[in-house]
Amino acid sequence: MNPSLFDGALLVIYTVAYVLANDPSVGSTSEGSSKVNSSNKDTTKMIYRSVFKQKRYSQTSAAESILNLADYSKQYKMVEIVLEKLFKVLQDARVKITESGYIPGDAFPKDQADLEALGNILENTALFGDILLRLPDITYKVYSKSNEWDLLARWSISFCNETQVYDEADSKLLNLMAQELRFVPRDPNYINPYRKSAKKKVSLSEENKQKDFTKNKKKKEKKKRGPRLSHAEL
C-alpha cells in the first residue's frame, strides 16, 4: 500500500523539530488493516483502538515538537504545512467514506480503501486537536483563511464522536476542540492555557497577588509596632 499524503507531513515535523519518528505511518491504517477482517463489530473496534492509541502517542509528540520550536516563524510554517496536508487527507477521506455508505457507529468497513478512509478521519481529526489546543493563536491564523476547513472540522468532530471509537481522553479532546473553535458554547471555566491572552491573565493575576501580599505584609508590620511615646511626652 502506498503511504498516505500525511505520512510525509509528519516526517517533516520530526525532521524540523529534531524528534525521532517513532511511527512514520501516522495518518494511515496500514498497520492494522490485516487484523480487521473479523465480522465481529466489537472485536474489530477493539483491535483498531489498540492501533489508534499507539498512533496517538506519536501524534501528540509531533504536536509537542512544534510547540517546543524556539522560532515563531518555524512554528507558523510547520502548522501551515501540517494543516494543508491534514485537511487534504480529511477531505479525500470524507468523500470516500460518504460514497461507501458507511454510517458512524456501524461495524467497521471490510473494504481496504474504506477502512483507510475511516482511519484517516479518526486519526487526522485527533491530530488537528493536538495542534489546535497547543498552538491556538497560530492555528487560528492559518485555519481562519479557509471556510472549507471550518466546515470540514465541524463535520469531522461530529463524525468522530458518533463512531464511538475514541476513549474517554480522546472524547474529551473532541469536546475541547469544539469549545476552542466555538462550535459549542464554552464552559464558564474553559481556559486554554496555551493562548497568549490566557498567559497574560495568569501573569497579571500573579502580579496582583504579589502586590496584595506586599501590601498586607506592610500593614501587619505597622500593627506589630504598636503605640510609641514621642520625645515630647518623656
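Arg-134 and Asp-130 are both buried in this predicted model, and the two residues form a salt bridge in which the closest N and O atoms are 3.6 Å apart. Because they are four residues apart in helix H4, about one helical turn separates them. In general, an α-helix has 3.6 residues a turn, so residues three or four places apart point the same way. The pair also belongs to a network of salt bridges that links Lys-53, Arg-56, Glu-64, Asp-130, Arg-134, Asp-167 and Asp-170.

In total, the structure holds 14 salt bridges. One of them joins Glu-123 to Lys-55, with 3.7 Å between the closest N and O atoms. Glu-123 is part of helix H4 (residues 112–134) and Lys-55 is part of helix H2 (residues 41–67), so this pair ties together parts that are 68 residues apart in sequence. Burial applies to both partners: Glu-123 counts as buried because its relative accessibility is 0%, and Lys-55 is buried with a relative accessible area of 1%, the cut-off for this class being under 20%.

A further salt bridge connects the side chains of Glu-180 and Arg-195, with an N to O distance of 2.9 Å. Glu-180 lies in helix H7 (residues 168–180), whereas Arg-195 lies in the loop between H7 and helix H8 (196–225), so the bridge ties together parts that are 15 residues apart in sequence. Glu-180 and Arg-195 are both buried.

The nonpolar interior was examined next. The largest nonpolar core contains 48 residues, among which Phe-87, Phe-128 and Tyr-143 touch the most other members. At least two residues of this core come from each of H2, H3, H4, helix H5 (136–143), helix H6 (147–163) and H7. H4 supplies the largest share, with eleven residues. When residues up to four places away in sequence are not counted, Phe-87 touches Phe-128, Tyr-143, Trp-149, Leu-152 and Ala-153. Two of these contacts, Phe-128 and Tyr-143, are thus with residues named beside Phe-87 as touching the most other core members.

Helix H3 covers residues 72–100, and its 29 residues should span 42 Å at 1.5 Å a residue; the end C-alpha atoms are 41 Å apart, which agrees with the expected span. Just after H3, Gly-101 adopts a positive phi of about 85 degrees. Gln-75 is also placed in helix H3. With a relative accessibility of 10%, Gln-75 falls under the 20% cut-off and therefore counts as buried. Apart from neighbours within four places in sequence, the contacts of Gln-75 are Ile-66, Leu-67, Leu-69, Leu-135 and Ile-138.

At the level of the whole chain, the protein has eight helices and zero strands. The order of elements from the N terminus on is accordingly α-α-α-α-α-α-α-α. Of the 234 residues, 43% count as buried. Among contacts with a separation of 6 or more, 75% are between residues 24 or more positions apart. The exposed area of the protein is about 13700 Å², of which carbon and sulfur atoms supply 53%.

How values were computed: Residues numbered from 1 in each chain as written. Predicted model: local features only at pLDDT ≥ 70, side-chain atom pairs only at ≥ 80, totals over all residues. Heavy atoms only, no water. Buried < 20%, exposed > 50% of the residue type's maximum accessible area, 1.4 Å probe, protein only. Contact = heavy atoms within 4.5 Å. Areas by Shrake-Rupley, 256 points an atom, 1.4 Å probe, with all protein chains shown as cover. Expected span 1.5 Å × (residues − 1). Salt bridge = Lys/Arg side-chain N within 4 Å of Asp/Glu carboxyl O. Core = buried A, V, L, I, M, F, W, Y, C linked by side-chain atoms within 4.5 Å.
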